[in-house]
Amino acid sequence: MDVVSAHHARGEFFKILAQTDKSQVGVMTIAPKGDSGPEEIHTGDQIVYIIDGEARVAVHGEELRMTKGDVAIIPKGARHHIYNDADTELFFLTVYTPPQY
């Protein structure tokens, strides 16, 4: 088992930090007024944990707000998109089970 620093990847748009055959963990940095790219649908659950900043998360047409310390699970098969409407950077950890990338 390796310990990796999520903070060393801060500033990179998307980076996978570690994975096994059953799960994968990565981080994403979204610039102010930016978003996560095209809407996605995964074949497994995605867990999102906000390290710093604020997010607007659209899942199947519903929107929720997340701030530092919040965690949410996006269920498999859910069309989703993450936005940063703030004037500051959004940095979050994301876990995929099973691996998606």
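Colleague: What makes the meeting of the Arg56 and Asp85 side chains a salt bridge?

Modeller: The nitrogen-to-oxygen distance between the side chains of Arg56 and Asp85 is 2.6 Å, and the term asks for a side-chain nitrogen of Lys or Arg within 4 Å of a carboxyl oxygen of Asp or Glu, so the pair qualifies. Arg56 belongs to strand β4 (residues 54–59) and Asp85 to the loop between β7 and β8, so the salt bridge ties together parts that are 29 residues apart in sequence. Strands here are DSSP runs of E, at least two residues long, and are numbered from the N terminus.

Colleague: What kind of model is this, and how are its residues counted?

Modeller: The model is a predicted one, in which local features need pLDDT of at least 70 and side-chain atom pairs count only at pLDDT 80 or more, while totals for chains, interfaces and linings use all residues. Residues are numbered from 1 along each chain as its sequence is written, and side-chain values use heavy atoms, with hydrogens and water left out.

Colleague: How do you know whether Arg56 is buried or exposed?

Modeller: Its relative accessible area is 15%, and buried means under 20%, exposed over 50% and partly exposed in between, for a 1.4 Å probe and protein chains only; Arg56 is therefore buried. Asp85, at 32%, is partly exposed.

Colleague: What else is linked with Arg56 and Asp85 by salt bridges?

Modeller: Glu63 and Arg65 are linked with them in a network of salt bridges. A search of the whole structure finds eight salt bridges.

Colleague: What places the charged end of Arg56 over the ring of Tyr83?

Modeller: The charged end of Arg56 is 4.0 Å from the centre of the Tyr83 ring, and a charge sits over a ring if NZ of Lys or CZ of Arg is within 6 Å of the ring centre and within 35 degrees of the ring normal. The distance therefore satisfies the first condition, and Arg56 is assigned as sitting over the ring.

Colleague: Why are Glu39 and Arg79 called a salt bridge?

Modeller: The closest N and O atoms of Glu39 and Arg79 are 3.6 Å apart, which places the pair inside the limit already given. The two residues link distant parts of the chain, with Glu39 in the loop between β2 (24–30) and β3, and Arg79 in the loop between β6 and β7 (80–83), 40 residues apart. Glu39 has a relative accessibility of 44% and counts as partly exposed, and Arg79, at 41%, is likewise partly exposed.

Colleague: How do you know that β4 and β5 pair?

Modeller: Two strands pair if DSSP finds at least two bridges between them, and β4 and β5 are joined by six, in the antiparallel sense, so the condition is met. One of the bridges has Ala55 opposite its partner Met66 in β5. These strands belong to an open sheet of three strands, in the order β5-β4-β7 with antiparallel pairing.

Colleague: Which strands of this sheet are called edge strands?

Modeller: They are β5 (62–67) and β7, because each pairs on one side only.

Colleague: What pairing does β3 show?

Modeller: Strand β3 (residues 45–52) pairs with strand β8 (residues 90–97) in the antiparallel sense over seven bridges, and four bridges join β3 to strand β6 (residues 71–74), also antiparallel. Asp52 has Phe91 in β8 as its bridge partner, whereas Tyr49 stands opposite Val71 in β6.

Colleague: What makes the contact between Gln46 and Thr94 a polar contact?

Modeller: The side chains of Gln46 and Thr94 are joined at 2.8 Å, and a polar contact is a pair of N or O atoms within 3.5 Å; within protein, one must be able to donate a hydrogen and the other to accept it, and residues adjacent in sequence count only if both atoms are side-chain atoms. Gln46 also has a polar contact of 2.9 Å with the side chain of His80. Gln46 lies in strand β3 and is buried, with a relative accessible area of 3%.

Colleague: Why is the pair of Tyr96 and Tyr101 called edge-to-face?

Modeller: A search of the whole structure finds two aromatic pairs. In the pair of Tyr96 and Tyr101 the centres are 5.3 Å apart, with 70° between the planes. Rings of Phe, Tyr and Trp (its six-membered ring) pair if their centres lie within 6.5 Å, and planes under 30 degrees apart count as stacked, over 60 as edge-to-face and the rest as tilted; the two tyrosines therefore form an edge-to-face pair. Tyr96 is buried at 3% relative accessibility, whereas Tyr101 is partly exposed at 43%. Ring pairs link Phe14, Tyr96 and Tyr101 into a cluster.
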